[in-house]
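Hello, and thanks for sharing this one. Here are some notes to read alongside the model, as numbered points.

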Amino acid sequence: MKAAIVTTAGQPPVYGDFQVPQAKPGQQIIQVEASAISQVVKGRVAGKHYSASSTFPYVAGIDGIGRLSNGERVYFVLPDAPWGGMAELTLVSTEHCVTIPDTLDAVNAAASANPGMSSWAALTRRAQLNAGETVLINGATGTSGTLAVAIARHLGAGKIIVTGRNQQALATLLTQGADIAIELNDLATALPPLFKQGVDVVLDYLWGDSALGILNAAVAGGSKPVRFVQIGSLSGQQIPLHSHLLRSSALKLMGSGIGSLSVEQLTASVGELLNAMPQAGFSVPCQPRPLQEVTSAWLSDDSRCRTVFTL
């Protein structure tokens, strides 16, 4: 079968022939319709993500849209190694599949699943958002953060605060559900009064200096507990976190991703997201590319517009 094959860390996948998977009890063979490039997928292929494989060759792609042998349409995640989502067929544990509507557009569903999962799982499983609460999204101008605004509103957030560097993107978010937009350079002055008014949940896609500033503001803002959910680290992997931030406040610091949530929980989160998509209208900018163009598409991928490989 044809697949996007990773032969060594740090090199883009190549289009070629890969062994056909054979299912055992508890596994499903999926005929793939679409699978998207995401930050996790790129990090794995580069060998820089914590879940990257060190065994080669393998097929790229951690999730996608496809059909079971009985015709049932599913979203799948984390195929069994060495198979991946970017192939004509893939092999997935039954628990890693969830039924989705036949009416969903495969490209949009594949593009939205991973970035949407980050906030849906964080808000429903980790922060356990309650209707009417205030949500701050740090790094909301990227694909995942922008979709998080729509998801937070859909899940009942009362007020949504967004941060980012791109002024134009922040202005656009104010027309798409956000109530307050703050440039990262203005966090030091803008955050204290907002936390004194009350912020319940923080979704952090950046880490780095902006996350540290938010943590400090959360602690200084008062006694109201803040659930800080760490999702991404585009601004750096480490911060100098002083112990008093945790000892002197009711701050709840947690992560959301592979490991802090089970694969079954993440799969269920995406199932809820995709089943809500027809009514909620969730979408992200995306462009379909045939799988045979995987190497050139990989090198030209722009995270502002998701590349989705179709088969």
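1. Let me begin with one bridge pair: V6 has Y58 of strand β4 as its bridge partner. V6 belongs to β1, which covers residues 2-6, and β1 and β4 run antiparallel, joined by 2 bridges. Please keep in mind throughout that this is a predicted model.

2. That pair sits in an open sheet of 3 strands, ordered β2-β1-β4 and paired antiparallel. The edges are taken by β2 and β4 (58-59); each has a single partner strand, so one side of each is left without a neighbour in the sheet.

3. There is also a side-chain link within this region. K2 and D17 meet in a salt bridge, with 3.0 Å from N to O. K2 lies in strand β1 and D17 in strand β2 (residues 14-17), so the contact ties together parts that are 15 residues apart in sequence. How accessible is each partner? K2 is partly exposed at 28% relative accessible area, while D17 counts as exposed at 57%.

4. The other sheet to look at is an open one of 6 strands, in the order β11-β10-β9-β12-β13-β14, with parallel pairing. Its edge strands are β11 (180-183) and β14, each of which pairs on one side only. From one strand to the next, the twist averages 15 degrees.

5. At the β14 edge, β13 and β14 pair in the parallel sense over 4 bridges. Here F228 stands opposite L253 in β14. Strand β14 spans residues 252-255, and L253 is partly exposed, with a relative accessible area of 35%.

6. Why can L253 be part of a surface patch? Patches are made of residues with over 30% relative accessible area and no salt bridge, and L253 passes the area cut-off at 35%. Together with L241 and L246, L253 forms a nonpolar patch on the surface, with about 220 Å² of accessible area for the three together.

7. P240 is worth a look as well. P240 is placed in the loop between β13 and α7 (244-247), and at 65% relative accessibility it counts as exposed. The C-alpha atoms of P240 and D209 are 9.2 Å apart, although 31 residues separate the two along the chain.

8. Turning to charged side chains in general, how many salt bridges does the model contain? The count comes to 11. One group of residues forms a network of salt bridges: E33, R67, R73 and D102 are linked in this way.

9. One salt bridge joins two helices. The side chains of R125 and E272 meet at 2.7 Å, N to O. R125 is in helix α2 (residues 106-126) and E272 in helix α8 (residues 263-280), and the pair links distant parts of the chain, 147 residues apart. Both ends are partly exposed: R125 has a relative accessible area of 22%, and E272 has one of 33%.

10. Another salt bridge runs from loop to loop. D200 and K224 meet at 2.9 Å, N to O. D200 lies in the loop between α5 (187-197) and β12 (201-204), and K224 in the loop between α6 (208-220) and β13 (227-230), so the pair ties together parts that are 24 residues apart in sequence. Are the two ends buried or exposed? D200 is buried at 7% relative accessible area, whereas K224 is partly exposed at 43%.

11. Finally, the aromatic rings: the count of aromatic pairs comes to 3. In one of them, W120 and F282 have ring centres 6.4 Å apart and planes at 80 degrees, so the pair is edge-to-face. The angle cut-off for that label is over 60 degrees. W120 lies in helix α2 and F282 in the loop between α8 and β15 (286-290), so this contact ties together parts that are 162 residues apart in sequence. Both residues are buried, W120 with a relative accessible area of 5% and F282 with one of 4%.

12. To put the helix points side by side: α2 and α8 are linked by the R125 and E272 salt bridge, and α2 also carries W120, whose ring partner F282 lies in the loop between α8 and β15. I would be glad to hear how these points read to you with the model open.

Definitions and conventions. Residues numbered from 1 in each chain as written. Predicted model: local features only at pLDDT ≥ 70, side-chain atom pairs only at ≥ 80, totals over all residues. Heavy atoms only, no water. Patch = residues over 30% accessible without salt bridge, like charges linked within 9 Å, V, L, I, M, F, W, Y side chains within 5 Å. Areas by Shrake-Rupley, 256 points an atom, 1.4 Å probe, with all protein chains shown as cover. Salt bridge = Lys/Arg side-chain N within 4 Å of Asp/Glu carboxyl O. Buried < 20%, exposed > 50% of the residue type's maximum accessible area, 1.4 Å probe, protein only. Phe/Tyr/Trp six-rings, centres within 6.5 Å; stacked < 30°, edge-to-face > 60°. Pairing = 2+ DSSP bridges. Axes fitted to C-alpha atoms, helices over the stretch in contact; angles between N-to-C directions.
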